[in-house]
Structures are given as structure tokens and as C-alpha cells.
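Work through the exercises below with the sequence and the model at hand. Each task is followed by a solution in steps.

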Amino acid sequence: MHSANRFRVTLRALSLIDRKFLSSDLRKTAFPNYFDEQRFNEKTISAGTELLRENWEGAVKAVLTERLGFESEKSIEIKDLVAKNWGEWKMLAESEKMPESKKPIFRHLEGGGSFKDVIPLLDSKSISIACRAGQSLQFNSLLAAEILKQNAANQKFIRVGGQELPVRLSFKGIKRELVVPPVFPKKTILKRRTFFHADKARARLDGSACLLEFELRKSCYATILIKCVQAMGAE
């Protein structure tokens with residue numbers, strides 16, 4: 001639908017190092033193309049991590065019992081019911097409170113079926129989000145490992161999805177793209193560039209504040225750029 005996004009951000013209470021970086025170094029700096037918190041929340045991180053570990057019971061339990069924000073009272077009630085009666089598959093399959101769409105999960109488990117086999121029976125949207133979160137966590141870890149290999153002096157870190165991720169990199173010495181394999185039960189691989197630049201960057205300094213304008217190609221996170229700027233200024 002589009003090739004890039006344009007941003008205008010006001011930064012305040014900047015240090016002298018921040019202002020120097022924004023005025024002279026921003027345009028030539030390569031930023032790590034991490035996924036940011038928008039891709040994660042506690043539930044997706046939990047389910048995605050368990051899928052990566054092939055802990056099928058943990059993944060099923062995360063999807064069926066862990067709450068997200070803005071859920072209906074009915075959804076919360078069902079998740080609490082499953083959490084409190086985990087392992088009581090016959091009771092859950094026969095419960096009048098349980099939606100018909102979820103009962104095949106518990107019937108399968110009651111009959112001795114595996115947790116891996118019921119994963120495709122879970123809500124498809126929840127599983128898709130968990131798989132994408134798992135791939136994103138793995139991508140961030142792989143990219144962080146590639147950056148650390150460069151042994152950059154005075155390395156700085158940002159925190160994303162519970163991980164401490166390095167931000168200083170040399171784009172001349174890093175792979176241009178990383179590939180992450182599919183996360184069961186999905187079959188889609190993830191290919192993603194390892195770094196990005198702020199295109200058409202312009203910093204208008206006004207004392208300790210700055211009006212920062214820049215463009216990023218599709219799929220890059222402006223929040224990652226801002227976090228990196230903040231980390232690099234924290235000398």
C-alpha cells in the first residue's frame with residue numbers, strides 16, 4: 001500500500017550529546033531493525049516462547065488461560081474456568097459455560113490426544129499472533145548476536161520484549177538480511193533486513209528541545225530509532 005512512513009517527533013530535555021548526535025550523526029547512522037513492543041505483549045511473548053521451545057502444553061495453556069487487555073467479562077470467565085480446572089478435560093468439555101468451539105480441544109485431550117495436536121484447534125488469530133511474536137523474538141535475538149560479534153566500543157542497549165538488545169552496529173560488516181524459520185503450526189518463514197537509516201532526516205534544535213523529522217521504509221519502527229537515540233545519548 002505504501003513504501004515509507006513520515007514522522008515528526010518532538011524531543012525534549014536533550015543532553016549535549018543528544019543534540020550533537022541529532023545534528024551531525026543521525027543521517028549517517030545505521031539503526032538495528034528490531035521488532036519493538038508493538039509486536040509483543042505478555043500473552044504473545046509467553047505463547048510464542050513456548051512454541052519456540054516446543055513446549056506444546058505451555059503454548060496451549062498460554063493461549064487458553066492468559067488474559068489480554070480489553071477482554072469481555074465472558075472471555076475472562078472462560079479463561080479463569082480453564083485455568084482453575086487445568087487437567088480436568090472431561091469437566092471442561094461438558095461445562096455449559098464452555099463455548100462449543102472450544103469443546104473439541106478438551107475432548108481431544110480427554111481421549112489421550114497430545115497438546116501438539118490440539119494447537120491447530122485453538123483460535124487461529126491467537127495462534128497467528130503467537131507465531132509472529134515467536135519469530136520476532138527469535139529475529140531480535142539473532143540480530144543482537146550478529147551485532148555483538150562486531151565488538152563495538154561503548155556498546156549501548158535497549159530493552160524490548162524482555163530482552164537487552166545492542167544498538168551500535170557497522171552496516172558494512174553485518175548480514176543484510178536474516179531468515180527465521182516457521183513456528184509451528186504456521187509454515188511462513190520470516191525474512192527481514194537487519195538495519196535501516198532515517199531517510200530525509202532533519203533536526204531543528206531549539207535549546208534543549210528538537211523537532212525531528214524523518215522517513216522510514218515500511219516495517220521499520222520509529223520507536224526503535226527513538227530508543228536508540230536515547231540510548232546513544234546516555235553516556
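**Exercise 1: Cysteines**

C131 has a relative accessibility of 3% and therefore counts as buried. The model is predicted.

Task: Classify C210 as buried or exposed, and state how many disulfides the structure holds.

Solution.
- Step 1. The relative accessible area of C210 is 2%. Buried means under 20%, so C210 is buried.
- Step 2. The closest cysteine sulfur to that of C210 belongs to C228, at 16 Å.
- Step 3. A disulfide needs two cysteine sulfur atoms within 2.5 Å, so the sulfur of C228 is too far from that of C210 for a bond.
- Step 4. The count of disulfides in the structure is zero.

**Exercise 2: The surroundings of strand β9**

Task: Explain why strand β9 is described as largely enclosed by the rest of the structure.

Solution.
- Step 1. Strand β9 covers residues 209-217, nine residues.
- Step 2. Seven of these nine are buried, so β9 is largely enclosed by the rest of the structure.

**Exercise 3: The partners of strand β9**

Task: Find how strand β1 and strand β8 pair with β9, and give a residue pair for each.

Solution.
- Step 1. Strand β1, residues 4-11, is antiparallel to β9, with eight bridges between them. T10 lies opposite L211 of β9.
- Step 2. Strand β8, residues 199-206, also runs antiparallel to β9 and is joined to it by six bridges. D199 has E215 in β9 as its bridge partner.
- Step 3. β8 and β9 form a hairpin with two residues between the strands. In this hairpin G207 has a positive phi near 65°.

Conventions. Residues numbered from 1 in each chain as written. Predicted model: local features only at pLDDT ≥ 70, side-chain atom pairs only at ≥ 80, totals over all residues. Heavy atoms only, no water. Buried < 20%, exposed > 50% of the residue type's maximum accessible area, 1.4 Å probe, protein only. Helix = DSSP H or I, 4+ residues; strand = E, 2+ residues; numbered from the N terminus. Pairing = 2+ DSSP bridges.
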